[in-house]
2 protein chains.
Amino acid sequence: MKANIMYAAGDVRVEELPVPKVQLQTDAVLKVVASCICGSDLHPYRSMHSHDHPEGEAMGHEVIGRIEKMGSEVSGFEKGDLVIVPFAFGDNTCPYCQEGLMTSCVHGGFMTGCQAEYVRVPQAQGSMFKLPKEIDENSPLLPSLLTLSDVYGTGYHAAVMGSVNENTTVAVIGDGAVGLLAVMAAKKLGAEKIILMGRHKERTDLGIEFGATHVIPERGEEGVAKVRELTNGEGVHVVLECVGLKPAYEMSIGAVRAGGVISRVGVPQYEEAAVGFESLFGRNITLTGGPAPTRAYMEELLPDILDGTLEPGRVFDVTVDFDGVPEGYRLMNNREALKVLVKP
Amino acid sequence: MKANIMYAAGDVRVEELPVPKVQLQTDAVLKVVASCICGSDLHPYRSMHSHDHPEGEAMGHEVIGRIEKMGSEVSGFEKGDLVIVPFAFGDNTCPYCQEGLMTSCVHGGFMTGCQAEYVRVPQAQGSMFKLPKEIDENSPLLPSLLTLSDVYGTGYHAAVMGSVNENTTVAVIGDGAVGLLAVMAAKKLGAEKIILMGRHKERTDLGIEFGATHVIPERGEEGVAKVRELTNGEGVHVVLECVGLKPAYEMSIGAVRAGGVISRVGVPQYEEAAVGFESLFGRNITLTGGPAPTRAYMEELLPDILDGTLEPGRVFDVTVDFDGVPEGYRLMNNREALKVLVKP
């Protein structure tokens, strides 16, 4: 089968590999129907060193597929079922999973190798989410459904952890797919003032369609000043930080209101940052967020997609096949594509 | 009048000063009935440089007093009323105060000069909390009532911000007055497993009387291991960090469960700390807390004290008069006293 392997920064190759097998009886193997390239895949695409990964990394953690094989301990599914898999798999029965935190599942881990014709899903019974029978390979809803694997679920997690509701003002930092879908999530949860901070007009225009009421292209202190202008000088109740770089964290501190929340879903590319009296403590700021347990949100987010109310799949602006994945990386890295869909 | 002024580390002097006057029409002046020395007063007592404060600092931010004078804009009180003042004063009408966050009041600030015979209270109408008529200078409840000014309200704030309830396990870091009263607060909010981390036996014994179910004297990795032993290896749902030093923050990260909360009320003596994937983000840890808006909790916490159910005033183990304040600092700094009450 064709699979995409990353060997170093900028070096993604399509290779011929054996179709994966059921290794543990809790596994399933899917024939991939839709996958995609994630903004977080761009971190290794920019920084990976070949000597750290001599055998390369099988890329891709977002997938919709048809069940091809299942281990003996996977029940409740049939061969041929079309399923979504969350980027963080888990058993869905451990104490953390029961609390909706599959990213901390005691049998959990992160999906890999989805940018390929077939993929192995560990902890398949707990992880896979079966789609309704009427959805098939030709459904126009597939791109939106695929966002439940990661980016829409991640944007939604940011908003949920930030306690967004009809009484909160919101600033979303970042106009990537997660940022735009954090806007959609904030609107779904009732926020009436949603400030999108991003400077790529075609993206922020989509953000406006998703529910952003204001767009701020400025960054740093200028960006903070604009947020305060829009909020009686106070700042917003909730910042959804969808970037993961330290300047975005620092801007969050400037933009958030006393007593407010900074909810991060952009994977931090830093370990230490300001948390003392001057930054968080003195104003009773709450810092929250983390990797999104997207499996836990699928039931909740599915109906809006099925009935056409919401179209998170609009974040995909380029489609490639498995051979086109290296080019897809190039396009996303150069910001020529917002998010690249991968279909057979 | 007698007042206690700090000039440098270890240098607190009793001086004769004029009785303060009403400076703004929103002020009141109180005759001090009870004041005390705070753990946070020990920070300057250990580190203050005389050249930074050539005129000295009027010490003390916790007080119960009788109203002596009021400005024309203070209503709802009479001369002679006995009132508690929160360590952070405010107008109690601004948007932040209405949300219960007086520490961010637009007219707010921090009390000073309470370790004196008289004290000026800014924003008196919003800040002062009138005690019932049956309470007077001789009431045995005065020490407990005085803790509503800061330490009990601060411990309670930690527990509230940490969302402590009957389903959460709790670890309290620190066996000072705030830590012990955070134990009391956690129990009041229903927590059934309350682990007190402290190594001064006479203090942790009081913590057990306040509701601690376990005591861990170990610190650092050893302390974390003990917490995990008591929690199925998972850590606690909520850490109440009542110290403010970086090792306590780091121990909080080790002791908290995935998806849990670190709630800080110990004033951080650091600005930068770990917040990235390895510390907070990867396990969806929430970091919250800050200076406690103790005025907002007074109504709620008063009844338990009036009816004798709770005795937070047991944290006071030494009483001095105004002349005895310098000695009180010495005792607290040497850990010969847990908390020093100041009475005329």
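Here are some numbered notes on this two-chain model, which is predicted.

1. Overall build of chain A. Going through chain A from end to end, you'll find eleven helices and 19 strands. Its radius of gyration is 20 Å, close to the 20 Å that the globule rule gives for 344 residues, so chain A is as compact as a globular protein of that length. Along the principal axes, the C-alpha atoms fill a box of roughly 60 × 40 × 35 Å.

2. Burial and contacts in chain A. Of the 344 residues, 59% count as buried. What chain A does expose comes to about 13,300 Å², with carbon and sulfur atoms supplying 49% of that area. As for how the chain folds back on itself, take the contacts between residues at least 6 apart in sequence: 70% of these join residues at least 24 apart.

3. How the copies relate. Chain B lands on chain A after a rotation of 180 degrees with 0.0 Å of shift along the axis, and the RMSD is 0.0 Å. That is the relation of a two-fold axis. If you want to find the axis on screen, go to Leu287(B): in chain B its C-alpha is the nearest to the axis, at 2.5 Å. The interface fits this picture, since 100% of the interface residues of chain B are also interface residues in chain A, so the copies meet through the same surface.

4. A residue to look at where the chains meet. Asn284(A) belongs to the loop between strand 16 (272–274) and strand 17 (286–289) of chain A. Despite the loop address, Asn284(A) is buried, with a relative accessible area of 0%; the cut-off for buried is under 20%. Its side chain reaches across to chain B, making a polar contact of 2.8 Å with the side chain of His157(B). Leaving aside neighbours within four places in sequence, the contacts of Asn284(A) in its own chain are Gly259(A) and Gly260(A). From chain B, the list has Leu101(B), Thr103(B), His157(B), Met161(B), Gly289(B), Gly290(B) and Pro291(B).

5. The small sheet at the start of chain A. Three strands form an open sheet here in the order 2-1-4, with antiparallel pairing. Strand 2 and strand 4 stand at the edges with a single partner strand each, so one side of each has no neighbour in the sheet. Strand 1 (residues 2–8) is mostly covered, with six of its seven residues buried.

6. Pairing details in that sheet. Strand 1 of chain A runs antiparallel to strand 2 (residues 11–16) over six bridges, and Ile5(A) has Arg13(A) as its bridge partner in strand 2. The hairpin between these strands has two residues in its turn, and Gly10(A) takes a positive phi near 75 degrees there. Strand 1 also pairs with strand 4 (residues 57–58) of chain A, again antiparallel, over two bridges. On that side, Met6(A) is bridged to Glu57(A).

7. The matching sheet in chain B. Chain B has its own open sheet of three strands, with the order 2-1-4 and antiparallel pairing. Its edges are strand 2 (11–16) and strand 4 (57–58), each with a single partner strand, so one side of each is left without a neighbour in the sheet. Strand 1 (residues 2–8) of chain B pairs with strand 2 over six bridges in the antiparallel sense. Within that pairing, Ile5(B) is matched with Arg13(B).

8. Helix 9 of chain B. How many of the ten residues of helix 9 are buried? Seven are, so this helix (residues 246–255) is largely enclosed by the rest of the structure. The buried ones are Ala248(B), Tyr249(B), Met251(B), Ser252(B), Ile253(B), Gly254(B) and Ala255(B).

9. A buried alanine in helix 6. Ala182(B) lies in helix 6 (residues 177–188) of chain B. Is Ala182(B) buried or exposed? Buried, with a relative accessible area of 0%. Not counting residues up to four places away in sequence, Ala182(B) touches Gly155(B), Val172(B), Leu240(B) and Cys242(B). For a sense of distance, the C-alpha atoms of Ala182(B) and Cys94(B) are separated by 28 Å, with the two residues 88 apart along the chain.

Terms used
Residues numbered from 1 in each chain as written. Chains lettered and ligands numbered in written order. Predicted model: local features only at pLDDT ≥ 70, side-chain atom pairs only at ≥ 80, totals over all residues. Heavy atoms only, no water. Buried < 20%, exposed > 50% of the residue type's maximum accessible area, 1.4 Å probe, protein only. Helix = DSSP H or I, 4+ residues; strand = E, 2+ residues; numbered from the N terminus. Pairing = 2+ DSSP bridges. Least-squares fit on C-alpha atoms with pLDDT ≥ 70 in both. Contact = heavy atoms within 4.5 Å. Polar contact = N/O pair within 3.5 Å; in protein donor to acceptor, adjacent residues only side chain to side chain. Rg over C-alpha atoms; globule rule 2.2 N^0.38 Å. Areas by Shrake-Rupley, 256 points an atom, 1.4 Å probe, with all protein chains shown as cover.
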